[in-house]
Every structure is written in C-alpha cells, then in structure tokens.
Amino acid sequence: MNSPKIEAGWLQALNEEFSKPYFNNLKSFLVEEKKQYTVYPPGSRIFAAFDFTPFDKVKVVILGQDPYHGEGQANGLCFSVADGIRQPPSLVNIFKELREDEGCVPPKSGNLEPWAHQGVFLLNATLTVRANAAGSHQNKGWELFTDAVIKTLSDKKENLVFLLWGNYARAKTVLIDANKHLVLTAAHPSPLARGAFFGSKHFSKTNEFLKSKGIKEINWCLA
C-alpha cells in the first residue's frame, strides 16, 4: 500500500504503520465513505497536524477526539477552526483559560496554526468524520494509528509535554513514559464539563517545564 503524503520525519517514524493490514482497511473504508458522503476535513488536511509540526519539532502534544463535523470547521488540527469560522464552545473555553493563565487576549480567529508552527502537535485520535455525524469514523482504524503515534513520540523523544483533557484523552496516559515526559491532565474544555477545565493552568505549566529543560517556550497568545 502506498504511504500517505505526510511530512518526511513522520513518514520515517511511522513507516511500519502504513503497511499494516488495519491501515489498508482504513484507507478502503475512506474510499467507500467518500463515494457516499461528505468527509471532513478535506483530504489535503487529514494529516495537517503532522505537516505543520514535523516530527523533530514536536514539543507539546494536545489530544482531541474527533474532528469537527460541521461544514468548514475541521482543518486537521484538534480544537482548531479555519479563519472566519465561528469558534466552537470548547475552543472559546480554551481561550478563556488562556486569558486567566497567560493573560492572552482572546483572538478573533480560532485558527491554531501558529501553535502548530511552534511545536504544538494538535492531534485528533480520529482524523476524519462524516459530515454532521459525530463519531462516525471511530473504531475504523484511526485510533490504532494515533495510539502508535503517541507511543512513538513517547519512545523516540524526551521532555515532551502531553496535555490530556477529558476522560478519553486521559486514558492515553498508558502509552506515555511519564519518567521521560510531563503529562498534565484536566477536565475537557467543553461546557459539558461545567467549568472544571478552568484553573488547570496547563499553558503556564507547559512553559515552566520547557524552560526548565532549556527548550524555547510556546507563545500561546494568538491575538
């Protein structure tokens, strides 16, 4: 099977995954799905998180679950939306926490590409979704792939910060060597968590850790 078009460092790090049967099955599923339905994000953006944050540049990992399933929302980076798209509630809450933690003025755009360019790897556990059908591409193989991504990062790198928000993301701690990396967990930023995400101070804690390791800190402010 041909490997997907993906940044060269990631291609090398994950090469074995692309030849496994589950990935071939996943590719076949997506081909059939696209014949019948609209699938988000667009094909060129499925691996955007990998392309914007090369393997050797990763400093921080933020894990989402599913791409947004509304028209024009998903851009291949978890929690992020393209310029001009209304910010979803979880993203609004992320920006509220950023204001309290780092003093960042909430930006007009919900596009998180500037974070990705600085080494914040914005990974969804499932990289595609059928339009207007949340969770529709779960358990099709993506989770096997993204679990391998998380474990590869843990095994091959050191001094990363993993930000795991909500029960689904927290369950991924078993894939991460906490002796080599900083793992921070919190409630999900969704309004459904009733504000439990607020006060986690993950953004300042991330920078404190990076600074302690002699690694350039993240400029979280987007405005």
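The expected span of a helix is 1.5 Å times one less than its number of residues.

**Entry 1: helix H6.** I worked on a predicted model and began with the length of H6. H6 has 15 residues and should therefore span 21 Å. I looked up its end C-alpha atoms and found them 21 Å apart, in agreement with that expectation.

I then asked which residues of H6 are buried. I listed Trp 142, Glu 143, Phe 145, Thr 146, Ala 148, Val 149, Ile 150, Thr 152, Leu 153 and Ser 154.

**Entry 2: H2 against H6.** Two packed helices are described by the angle between their axes and the distance between the axes. For H2 (residues 21-36) and H6 (residues 142-156), I noted that the axes come within 9 Å and cross at roughly 130°. H2 is therefore oblique to H6. I recorded the crossing as left-handed.

Which residues meet here? From H2 I noted Tyr 22, Phe 23, Leu 26 and Leu 30; from H6, Trp 142, Leu 144 and Phe 145. I sorted the residues of this contact into 7 nonpolar, no polar and no charged.

**Entry 3: Lys 172.** I located Lys 172 in the loop between helix H7 (167-170) and strand E6 (182-186). Is Lys 172 buried or exposed? Its relative accessibility is 9%, so I entered Lys 172 as buried, the cut-off being under 20%.

Leaving aside residues up to four places away in sequence, I found that Lys 172 touches Leu 63, Asp 147 and Ile 150. Of these partners, I had already listed Ile 150 among the buried residues of H6.

Methods:
Residues are numbered from 1 along each chain as its sequence is written. This is a predicted model: local features need pLDDT of at least 70, side-chain atom pairs count only at pLDDT 80 or more; totals for chains, interfaces and linings use all residues. Side-chain values use heavy atoms; hydrogens and water are left out. Helices (H or I, at least four residues) and strands (E, at least two) are DSSP runs, numbered from the N terminus. Buried means under 20% relative accessible area, exposed over 50%, partly exposed in between (1.4 Å probe, protein chains only). Contact means heavy atoms within 4.5 Å. Axes are lines fitted to C-alpha atoms, for helices over the stretch in contact, and angles run from 0 to 180 degrees between N-to-C directions. Angles under 35 degrees count as roughly parallel, over 145 as roughly antiparallel, 65 to 115 as roughly perpendicular and the rest as oblique. A crossing is left-handed if the near helix is turned anticlockwise from the far one by less than a right angle, and right-handed if clockwise. Ala, Val, Leu, Ile, Met, Phe, Trp, Tyr, Cys and Pro count as nonpolar, Asp, Glu, Lys and Arg as charged, and the others, Gly among them, as polar.
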